[in-house]
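Trainee: I have a new structure to read. Can you walk me through it, one feature at a time?

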Amino acid sequence: SQMIAPLTTLANNLNINLKILDLGGGLGIPYTPNDATLEWDGLITALAKIKKDAAAYFDKNADRYNSYYVDQNEYVKWIRHVLIINLVQEYIANKEEAIVDIGCGPGYLAFDLAERGFYGVGMDISPNMLKICRSKIGTVKNGEFWTFEEGDSEKLRFKDGSFSCAIASGVLEYMPSDEGMFEEVSRVLKPKGFFICSVSNL
């Protein structure tokens, strides 16, 4: 597809083992510039703003997002959720290898990975999403295997080679460019680590 091919090329250039889920859908923010005929410079400005807008939106609507996620058991997010867990179980043989869930939201992927014995860090730009994660993790089997940190996917605070797997589910579409997050993922992954990325391919 038009979106997948450039991501695959970028991943190859950065020596990332990319596993991409092209499912579309999601509870996102409808970001439409006022002028639908924006020139190139205007489009660049709009893209630069989308990340900030997304962060504010998800922080403000964290409780709503959490409820919607839980209630919609046939929603595309749950299909994506199951596929990601299956990929982790297929490619990460050693459960003690650390995983980072970038844009972890209310934490349900981390919870399910913890219950399956995987270790990791959930990271999100939204403090309110992280409050939800921390309020629930204590009731999850193996919840002590996971921590949650506030952070920016284009400026990860982790040391080089910290993780065997990075997950970014429904995050890339809110970035001003693909390169920033991919470069950071490449840096924090161990050699031959895996990057599981889902995108809305519209």
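Trainee: What share of the 202 residues is buried?

Mentor: This is a predicted model, and buried residues make up 48% of the 202 residues in the protein. The accessible surface comes to about 10500 Å². Of that surface, 51% belongs to carbon and sulfur atoms.

Trainee: How far can I trust the prediction?

Mentor: Where pLDDT is low, the predicted coordinates should not be read in detail. Here the average pLDDT is 80, and 72% of the residues score at least 70. Take care over residues 23-40, where the pLDDT is below 50. That stretch still has 37 contacts in the model beyond near neighbours in sequence.

Trainee: How many helices and strands does the protein have?

Mentor: There are seven helices and six strands. Read from the N terminus, the order is α-β-α-α-α-β-α-β-α-β-β-α-β. Now look at contacts with a separation of 6 or more: 77% of them join residues 24 or more positions apart.

Trainee: Which strands does β2 pair with?

Mentor: Strand β2 covers residues 99-102 and pairs with β5 in the parallel sense, over four bridges. β2 also pairs with β3, again parallel and over four bridges. Use V100 as your landmark. Its bridge partner in β5 is A166, and in β3 V100 stands opposite V121.

Trainee: And where does the sheet go beyond those pairs?

Mentor: Follow β3 to strand β4, residues 146-150; five bridges join these parallel strands. G120 stands opposite W146 in β4, and D124 has E150 as its bridge partner there. Then follow β5 to strand β6, residues 189-199, a parallel pair with six bridges. In that pair, A168 stands opposite C197 of β6. The chain gets from β5 to β6 through helix α7, residues 179-188, and this β-α-β crossover is right-handed.

Trainee: Which other right-handed β-α-β units should I look for?

Mentor: Take β2, helix α5 (residues 108-115) and β3, which make one right-handed unit. Then take β3, helix α6 (residues 127-137) and β4, which make another right-handed β-α-β unit.

Trainee: How do I read the two faces of a strand?

Mentor: In a regular strand the side chains alternate between the two faces of the sheet. Try strand β3, residues 120-124, where five of the five residues are buried. On one side sit G120, G122 and D124, and on the other V121 and M123. These residues are all buried, and both faces of β3 are covered.

Trainee: Why is β5 described as largely enclosed by the rest of the structure?

Mentor: Count its buried residues. Strand β5 spans residues 163-169, and seven of the seven are buried, so the rest of the structure largely encloses it.

Trainee: How do I read the sides of a helix?

Mentor: List the buried residues and see where they point. In α6 they are M129, L130, I132, C133 and I137. Those residues cover an arc of only 155° around the axis, so they lie on the same side of α6. K131 and S135 are exposed on the other side of α6.

Trainee: How many of the eight residues of α5 are buried?

Mentor: Six of the eight are buried, and α5 is mostly covered. The buried residues are Y108, L109, A110, F111, L113 and A114. After α5 comes G117, with a positive phi near 95°.

Trainee: What should I make of a positive phi?

Mentor: Most residues other than glycine have a negative phi. G117 is a glycine, so turn to residues of other kinds. N142 has a positive phi near 65°. N142 lies in the loop between α6 and β4. K192 also has a positive phi, near 70°, and its place is in strand β6.

Trainee: Are those two residues buried or exposed?

Mentor: Compare the relative accessible areas with the cut-offs. Buried means under 20% and exposed means over 50%. N142 is at 19%, so it counts as buried. K192 is at 74%, so K192 counts as exposed.

Terms used
Residues are numbered from 1 along each chain as its sequence is written. Side-chain values use heavy atoms; hydrogens and water are left out. Buried means under 20% relative accessible area, exposed over 50%, partly exposed in between (1.4 Å probe, protein chains only). Helices (H or I, at least four residues) and strands (E, at least two) are DSSP runs, numbered from the N terminus. Two strands pair if DSSP finds at least two bridges between them. A crossover is right-handed if, with the strands pointing away from the viewer, the path from the first strand over the helix to the second runs clockwise. Contact means heavy atoms within 4.5 Å. Accessible areas come from the Shrake-Rupley method with a 1.4 Å probe; for residues, only the protein chains shown count as cover. pLDDT is the predictor's confidence in each residue, from 0 to 100. The arc is that of the directions from the helix axis to the C-beta atoms.
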